[in-house]
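Subject: The structure I promised you

Hi,

Here is the structure for you to open in your viewer. Have a look around first, then read my notes below.

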Amino acid sequence: MNTISVKHVLPALPYDPAALEPHIDARTMQIHHDKHHAGYVDKLNKALEPYPELQDRSVSSLLLDLDSVPDKIRTTVRNNAGGHLNHSIFWKAMTPQGEGAPSGKLADAIKRDFGSFDAFKKQFDTAGAELFGSGWTWLVRSGQEGRRLMILTTTGHGNPIMQGYIPILLNDVWEHAYYLKYQNRRPDYLSDWWAVANWDEAGKRFERSQDPGALDEDQ
Ligand code: MN
């Protein structure tokens, strides 16, 4: 009747908010996770409240089939399901034990598709620096065309699965991700961020990207 199923839940940070210092400060991590990400989850749940038939759907399934979401809440769902999904991937894309560089098959694929690891990093940082306004920079694997690795950006909380690309690594270039420490110096944030990039997780995502169901991020 009037029961509300609260399906979407804020995941805990996989490390202490201070663990990524000095590259990302604890206060930024706390506000980013406890306020911004929590806000996306709350707004998504609230938008879905009147639609019990949508409440069991995963965030990926909502984003991959927005046409099935009523007009009235479609933009809210796109923004907040995207915000929830992107941040859920993002926390795991960072680690206090950053290895500094990929290894194994992912390292080979980066070399194949970008020429070198340094060339890849430069292209990723340039894409992030040149992105106008709020958005994300991604290393993705194409769902077709030889399954190559590519760099792309999304504005707002767009996620590449909506264009058939599988996320391998991502960086949040919204000002809320870096402004307390870096202010307007987004390029400095981007270059410092490599120290906390989680290449072990990126390698796992690369392995999983072989699976036919890889676009379902909620698996
Ligand atoms: Mn963010």
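Leu 44 is buried, because its relative accessible area is 0% and anything under 20% counts as buried. You'll find Leu 44 in helix α1. Leaving out residues up to four places away in sequence, Leu 44 touches His 8, Val 59, Leu 62, Val 77, Asn 80, Ala 81 and His 84. Try the distance to Asn 79 as well: the two are 35 residues apart in sequence, yet 8.6 Å apart in space, C-alpha to C-alpha. Keep in mind that this is a predicted model, here and in everything that follows.

**The metal site**

Stay with helix α1 for a moment, since it also carries a metal ligand, His 32. Which residues coordinate the manganese ion? They are His 32 (NE2), His 87 (NE2), Asp 172 (OD) and His 176 (NE2), at 1.9 to 2.1 Å. Written as a sequence pattern, the donor residues are spaced H-x54-H-x84-D-x3-H. His 32 lies in α1 (residues 26–48) and His 176 in the loop between β3 (165–172) and α6 (179–182), so this pair ties together parts that are 144 residues apart in sequence.

Are these two histidines buried or exposed? His 32 is buried, at a relative accessible area of 1%. His 176 counts as buried too, with 18%.

**Two helices that cross**

Next, find helix α4 (residues 104–114) and helix α8 (residues 199–208). They pack at an angle of about 80°, and their axes are 8 Å apart. That angle makes α4 roughly perpendicular to α8. On the α4 side, the contact is made by Lys 105, Leu 106, Ala 109 and Ile 110. From α8 come Trp 199, Ala 202, Gly 203, Phe 206 and Glu 207. Sorted by type, the residues of this contact are 6 nonpolar, 1 polar and 2 charged.

Now colour α4 by burial. Its buried residues are Leu 106, Ala 109, Ile 110, Asp 113 and Phe 114. Why do they end up on the same side of the helix? They cover an arc of only 100° around the axis, which puts them on the same side of α4. Lys 105, Asp 108 and Lys 111 are exposed on the other side. The cover over the buried residues includes α5 (117–130), β1 (135–142), β2 (149–155), β3 and α8. Just after α4 comes Gly 115, with a positive phi near 95°.

One of those covering helices, α5, contains Lys 121. Lys 121 is partly exposed, with a relative accessible area of 22%. Its C-alpha atom is separated by 12 Å from that of Leu 170, which is 49 residues apart from Lys 121 along the chain.

**A strand residue**

Strand β3 holds Tyr 165, which is buried at a relative accessible area of 18%. Not counting residues up to four places away in sequence, Tyr 165 touches Val 140, Arg 141, Ser 142, Met 150, Leu 152, Pro 160 and Leu 215. Tyr 165 and Ala 214 are 49 residues apart in sequence and 9.3 Å apart in space, again C-alpha to C-alpha.

**An arginine in α3**

Arg 78 sits in helix α3 (residues 71–92) and counts as partly exposed, at 36% relative accessibility. Setting aside its neighbours within four places in sequence, Arg 78 is in contact with Leu 63, Leu 66 and Met 162. Arg 27 is 51 residues apart from Arg 78 along the chain, and their C-alpha atoms are separated by 28 Å.

**Two backbone oddities**

Most residues other than glycine have a negative phi, and most peptide bonds are trans. Where does this chain have a cis peptide bond? The bond from Glu 21 to Pro 22 is cis, with omega near 5°, and Pro 22 is in the segment before α1. The other spot is Gln 183, where phi is positive, near 45°, in a residue other than glycine. Gln 183 is in the loop between α6 and α7 (186–193) and counts as partly exposed, at 29% relative accessibility.

Have fun with it!

Key. Residues are numbered from 1 along each chain as its sequence is written. This is a predicted model: local features need pLDDT of at least 70, side-chain atom pairs count only at pLDDT 80 or more; totals for chains, interfaces and linings use all residues. Side-chain values use heavy atoms; hydrogens and water are left out. Donors are N, O and S atoms within 2.8 Å of the metal (3.2 Å for Na, K and Ca); water is not among the atoms, so sites may look incomplete. Helices (H or I, at least four residues) and strands (E, at least two) are DSSP runs, numbered from the N terminus. Buried means under 20% relative accessible area, exposed over 50%, partly exposed in between (1.4 Å probe, protein chains only). Axes are lines fitted to C-alpha atoms, for helices over the stretch in contact, and angles run from 0 to 180 degrees between N-to-C directions. Angles under 35 degrees count as roughly parallel, over 145 as roughly antiparallel, 65 to 115 as roughly perpendicular and the rest as oblique. Contact means heavy atoms within 4.5 Å. Ala, Val, Leu, Ile, Met, Phe, Trp, Tyr, Cys and Pro count as nonpolar, Asp, Glu, Lys and Arg as charged, and the others, Gly among them, as polar. The arc is that of the directions from the helix axis to the C-beta atoms.
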